[in-house]
Amino acid sequence: MSYYIRRMREEDIPQVVEIEKIAFSRPWTRSIFKAVLLLPYAAYYVAAEEGTPEKIVGICGVKKIFEEGDISNVAVRPEYRGRGISRKMLNVLMQEAREDGVQAFTLEVRAGNEIAVNLYESLGFRTEGIRPRFYDDPVEDALIMWQRPQEE
């Protein structure tokens, strides 16, 4: 199968909410996604499997605050994991955000999510802090990771 990354549209929201419910203990709702799509400083993306009708297999987003991008909602349907979809989505998200002036990115990830932590580290993110008991169901700390511009 082949996949492509594009900006999220309102008609994607039902599938996106499905993915959220599978991936997160506190999933975003339809109304939250509708609202975030209207934010001029936010960009949300989907990974879509080619075909008709389109099947959304992954999501991610970024909120741009001056030169910083706060990445959130990185998730892929379980049966599509391990295919490089998150990496592809993040590469598109970060490239487009850089073109819009973002110089550094941050995100939070469950401390025990080794697969995600390894992915983020391979993209140049480094752990710079911890939010104790940030997640629930199960309760777990969040790592605060940053990817900052290389110093010359």
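Author: Let's settle one thing before we look at the pocket: Ala, Val, Leu, Ile, Met, Phe, Trp, Tyr, Cys and Pro count as nonpolar, Asp, Glu, Lys and Arg count as charged, and the others, Gly among them, count as polar. Keep in mind too that this is a predicted model.

Reader: Fine. How many nonpolar, polar and charged residues are in the lining of the largest pocket?

Author: Sorted that way, the lining has 17 nonpolar, seven polar and 11 charged residues. That makes 35 lining residues, and F24, V74, N113, Y120 and Y135 lie nearest the centre of the pocket. As for the space inside, it comes to about 1100 Å³.

Reader: Which elements give two or more residues to the lining of the largest pocket?

Author: Look for helix 1 (13-23), strand 4, helix 3, strand 5, helix 4 and strand 6 (126-135). Strand 4 gives the largest share, with seven residues.

Reader: OK, strand 4 then. How many of its residues are buried?

Author: Here you need a cut-off: buried means under 20% relative accessible area. Seven of the nine residues of strand 4 are buried, so you can call the strand mostly covered.

Reader: And how do I read its neighbours? In which sense do strand 3 and strand 4 run?

Author: With strands, check the direction and then count the bridges. Strand 3 and strand 4 run antiparallel, joined by seven bridges. To find your place, put I65 opposite E68 of strand 4. The two strands form a hairpin with two residues between them, and F66 in the turn has a positive phi of about 55°.

Reader: Parallel or antiparallel, how do strand 4 and strand 5 pair?

Author: Those two pair in the parallel sense, over three bridges. G69 is a handy marker there, standing opposite F105 in strand 5.

Reader: Let's go inside. Which residues have the most contacts in the largest nonpolar core?

Author: A core is a set of buried nonpolar side chains joined through their atoms. The largest one here has 30 residues, and I71, Y120 and F125 have the most contacts inside it. Elements that each supply at least two of its residues include strand 1 (3-7), strand 2 (42-49), helix 4 (114-122) and strand 7 (140-147). Helix 3 makes the largest contribution, six residues. There's also a second, separate core of 14 residues, with V16, V17, Y44 and A75 among them.

Reader: What does F125 touch, leaving out residues up to four places away in sequence?

Author: Quite a list: I71, M94, F105, T106, L107, Y120, M145, W146 and Q147.

Reader: I spotted a serine in helix 3. Why does S86 count as buried?

Author: Its relative accessibility is 18%, and because the cut-off is under 20%, S86 counts as buried. You'll find S86 in helix 3 (residues 85-99). Beyond residues up to four places away in sequence, S86 touches V74, V76 and L119.

Reader: What about I13, buried or exposed?

Author: Buried, with a relative accessible area of 2%. I13 belongs to helix 1. Setting aside neighbours within four places in sequence, I13 is in contact with R30, F33, K34 and L37. Also, I13 and S31 are 18 residues apart in sequence and 9.1 Å apart in space, C-alpha to C-alpha.

Reader: Now the backbone. Where is P138 found, and what kind of peptide bond joins D137 and P138?

Author: Omega is the angle to check for a peptide bond. The bond joining D137 and P138 is cis, with omega about 0°. P138 is in the loop between strand 6 and strand 7. Those strands pair in the antiparallel sense over six bridges, and R131 has A142 in strand 7 as its bridge partner.

Reader: What is phi of D137?

Author: Near 55°, a positive value in a residue other than glycine. D137 sits in the hairpin of strand 6 and strand 7, which has four residues between the strands. Exposed means over 50%, so D137, at 62% relative accessibility, counts as exposed.

Reader: And where does R133 lie?

Author: R133 lies in strand 6. Its phi is near 55°, again positive and in a residue other than glycine. R133 counts as exposed because its relative accessibility is 62%.

Key
Residues numbered from 1 in each chain as written. Predicted model: local features only at pLDDT ≥ 70, side-chain atom pairs only at ≥ 80, totals over all residues. Heavy atoms only, no water. Buried < 20%, exposed > 50% of the residue type's maximum accessible area, 1.4 Å probe, protein only. Contact = heavy atoms within 4.5 Å. Core = buried A, V, L, I, M, F, W, Y, C linked by side-chain atoms within 4.5 Å. 1 Å grid on protein atoms, 1.4 Å probe; cavity = no way out; pocket = protein on both sides within 12 Å on 5 of 7 lines; lining within 4 Å. Points joined across faces, edges and corners; volume = space filled by probe spheres on them. Pairing = 2+ DSSP bridges.
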